[in-house]
Amino acid sequence: MHEWVDGPDPSGDLRFLQSLLQPLREIIGLAKVPVLVDPARGVSWERYSGATVIKANESETREALERGADDAPIPADWLVTTLGERGMELSMGHSRLGRYGAKQFPAEPIDPVDVTGAGDMVLATIGVCLA
C-alpha cells in the first residue's frame, strides 16, 4: 500500500496526488473526455486550461474578473455562470471575460424549498448533456 493511504504526512499525500494530475490530463485529452470544472475560490482559472466547461456562480466569476482574468482568455471551451433566481449565462470559451457578450438563459420563477447543491445539479446536468 502506498504511503499516502496510511501515512501521517498530509503534505506527502498532496504531492502524490498532484503528481498524478498531469498524466491524468494527458489521458483525458487523448480520450476526448469532457472535463467539467467547478472552480475553487481564490485560484487562478489558468489551472483549468483545457477544460470543456467551467461552471462558476456569479461571485466566482466576478472574483476572477477582479483578479485580472479579463485580460486572459477563458481557459475552457465554455463558461457557464449561474445567476441564482435570474438564471444562467453562457460565454464562449477562449474569449476574454467581460469583453464579449454572453447568452443569457432566464430562470422560471419558482418557490424553492432548498437551494443547497443547485450549482452541483447544474454541473451534473451539463455532464449528462455532454455524455
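User: What relative accessibility does Asp38 have, and how does that class it?

Analyst: Quick caveat: this is a predicted model, so local features need pLDDT of at least 70 and side-chain atom pairs count only at pLDDT 80 or more, while totals for chains, interfaces and linings use all residues. Numbering runs from 1 along each chain as its sequence is written, and side-chain values use heavy atoms, with hydrogens and water left out. Buried is under 20% relative accessible area, exposed over 50%, partly exposed in between (1.4 Å probe, protein chains only). Asp38 counts as partly exposed, at 35%.

User: Which residue pairs with Asp38 in a salt bridge, and how accessible is that partner?

Analyst: A salt bridge here puts a side-chain nitrogen of Lys or Arg within 4 Å of a carboxyl oxygen of Asp or Glu. Asp38 and Lys55 meet that at 3.7 Å, N to O. Asp38 sits in the loop between β1 (36–37) and β2, and Lys55 in strand β2, so the pair ties together parts 17 residues apart in sequence (helices, H or I, at least four residues, and strands, E, at least two, are DSSP runs numbered from the N terminus). The partner is buried, with a relative accessible area of 3%: Lys55.

User: Which residue of helix α3 does Arg41 pair with?

Analyst: The N to O distance in this salt bridge is 3.8 Å, and the other side chain belongs to Glu63. Arg41 lies in the loop between β1 and β2, so the pair links parts 22 residues apart in sequence. The α3 partner is partly exposed at 22% relative accessible area: Glu63.

User: What is the N to O distance between Arg86 and Glu58?

Analyst: Arg86 is partly exposed at 45%, and Glu58 is too, at 29%. Their side chains meet in a salt bridge, N to O, at 2.6 Å.

User: Which strands do the buried residues of α3 pack against?

Analyst: Helix α3 (residues 58–66) buries Glu60, Thr61 and Ala64. Seen down the axis, these fall within an arc of 100° (taken from the directions from helix axis to C-beta atoms), so they line one face. Counting contact as heavy atoms within 4.5 Å, they pack against β2 (51–57) and β3 (76–82).

User: Why do the buried residues of α4 sit on the same side, and what arc do they cover?

Analyst: An α-helix has 3.6 residues a turn, so residues three or four places apart point the same way. In α4 the buried residues are Val122, Leu123 and Ile126. They share a side of α4 because they cover an arc of only 95°.
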